[in-house]
Amino acid sequence: METLKTHTVHGGTLRYLRHDSAATGTPMTLSVFTPPGEGPFPVLIWLSGLTCTEDNFTTKAGAYRSAAEHGVMIVAPDTSPRGPSSKGGEVADDEAYDLGQGAGFYVDAVREPWVPHFNMETYVTRDLIALIDAEFPTTGVRGISGHSMGGHGALTLALRHPDLFRSVSAFAPIASPTRCEWGQKAFGAYLGDDRSVWAGHDAALLIESGAAKGRFDDILVDQGDADGFLADQLKPELLTEAARIAGQTLTLRMQPGYDHSYFFMASFIADHVAFHAERLKASS
């Protein structure tokens with residue numbers, strides 16, 4: 001693990017880091033905020049959206065005052081593998097903003113040219129968690145959250161790996177990737193043509209199947225009603241309907257006047273940090 005930059009913020013320490021990932025076969029970058037004190041601390045993993053790196057959340061979300069107050073560590077990884085491969089050559093990319101670098105969708109690809117590097121599910125659930133628990137004073141208890149594509153990632157990784165996460169929330173998540181253009185494009189490229197495989201990475205379908213039942217007491221979702229992607233790509237009403245069918249508690253807060261930007265997230269991030277802190281500390 002290489003430390004690229006260090007800052008003091010709200011009495012805690014913010015580090016930008018780089019390490020080699022076995023899952024992606026590339027160096028991966030991330031930021032880690034550790035609150036004041038010696039710890040150990042519970043961990044909140046944040047997953048960012050399309051076109052983002054770890055820097056978008058780190059510099060724009062304004063999460064660290066609340067994280068310091070609650071004693072929560074926040075880890076924000078990059079959204080996809082980039083740059084040179086450990087096996088030679090460059091990692092595949094696409095000219096479109098919604099596929100390739102910056103758009104890993106938190107799945108493990110099975111199709112060329114995305115194999116073998118686009119393994120973001122394994123990266124987050126194996127490499128990243130192992131790194132943080134080995135290098136930082138954690139309690140071993142963690143939650144997960146994210147925005148847009150990262151909201152999809154947070155929901156699906158929590159539902160697919162409930163043994164790893166005690167809490168989950170999302171901002172403007174892609175609620176049902178199998179039923180929107182962003183998801184259909186990415187899943188077709190990364191996962192192939194079998195839509196039954198796609199269903200295993202669709203938050204609404206996973207909730208409807210009961211994947212959250214008995215595992216998460218609540219799922220917090222914030223969505224701006226002025227979000228330009230609301231109707232065509234995000235479709236949060238599908239989460240509400242899935243939760244109703246499954247008998248799962250899910251709190252969807254439609255926020256009037258808010259769009260898809262980090263101004264929206266900065267307005268409500270403290271609520272999410274507090275939501276996670278309550279659950280993670282109860283589990284420690």
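The legends below accompany an overall view and several close-up views of a predicted model.

**Figure 1. Overall view of the predicted protein, with its 10 helices and nine strands.** The C-alpha atoms fill a box of roughly 50 × 45 × 35 Å along the principal axes, and the radius of gyration is 17 Å, which agrees with the value near 19 Å that a compact globule of 284 residues would have. Buried residues account for 60% of the 284 residues, and among the contacts with a separation of 6 or more, 72% join residues that are 24 or more positions apart. The protein exposes about 10,900 Å², of which carbon and sulfur atoms supply 49%. There are 22 positive and 35 negative side chains, and the centres of these two sets lie 4 Å apart.

**Figure 2. Close-up of helix α9, residues 237-246, and the elements against which its buried residues pack.** Leu-238, Leu-239, Ala-242, Ala-243 and Ala-246 are buried in this helix. Seen down the axis of α9, these buried residues fall within an arc of 135°, so they line one face of the helix. The partners of the buried residues are α4 (149-160), α7 (203-208) and β8 (220-224). After α9 comes Gly-247, which has a positive phi near 70°.

**Figure 3. Close-up of the cis peptide bond from Gly-39 to Pro-40.** Omega of this peptide bond is near 5°, and Pro-40 is found in the loop between β3, which spans 26-34, and β4, which spans 41-47. As background to this view and the next, most peptide bonds are trans.

**Figure 4. Close-up of the cis peptide bond from Glu-112 to Pro-113.** In this case omega is near 0°, and Pro-113 lies in the loop that runs between β5 (73-77) and α3 (120-135).

**Figure 5. Close-up of Ser-148, which has a positive phi although it is not a glycine.** The phi of Ser-148 is about 60°, whereas most residues other than glycine have a negative phi. Ser-148 has its place in the loop between β6 (138-146) and α4, the latter being one of the elements against which the buried residues of α9 pack. With a relative accessible area of 3%, Ser-148 falls under the 20% cut-off and is therefore buried.

**Figure 6. Close-up of Ala-172, a residue other than glycine with a positive phi.** Its phi is near 40°, and Ala-172 is placed in the loop that lies between β7 (167-171) and α5 (181-191). Ala-172 counts as buried because its relative accessibility is 0%.

**Figure 7. Close-up of His-7 in strand β1, residues 2-9.** At 38% relative accessibility, His-7 lies between the limits of 20% for buried and 50% for exposed residues, and therefore counts as partly exposed. When residues up to four places away in sequence are not counted, His-7 touches Gly-12, Thr-13, Leu-14 and Tyr-16. Asp-108 is 101 residues from His-7 along the chain, and the C-alpha atoms of these two residues are separated by 33 Å.

Methods. Residues are numbered from 1 along each chain as its sequence is written. This is a predicted model: local features need pLDDT of at least 70, side-chain atom pairs count only at pLDDT 80 or more; totals for chains, interfaces and linings use all residues. Side-chain values use heavy atoms; hydrogens and water are left out. Helices (H or I, at least four residues) and strands (E, at least two) are DSSP runs, numbered from the N terminus. The radius of gyration is taken over C-alpha atoms; the globule rule is 2.2 Å times the number of residues to the power 0.38. Buried means under 20% relative accessible area, exposed over 50%, partly exposed in between (1.4 Å probe, protein chains only). Contact means heavy atoms within 4.5 Å. Accessible areas come from the Shrake-Rupley method with a 1.4 Å probe; for residues, only the protein chains shown count as cover. Lys and Arg count as positive and Asp and Glu as negative; His and the chain ends are not counted. The place of a charge is taken as NZ of Lys, CZ of Arg, CG of Asp or CD of Glu. The arc is that of the directions from the helix axis to the C-beta atoms.
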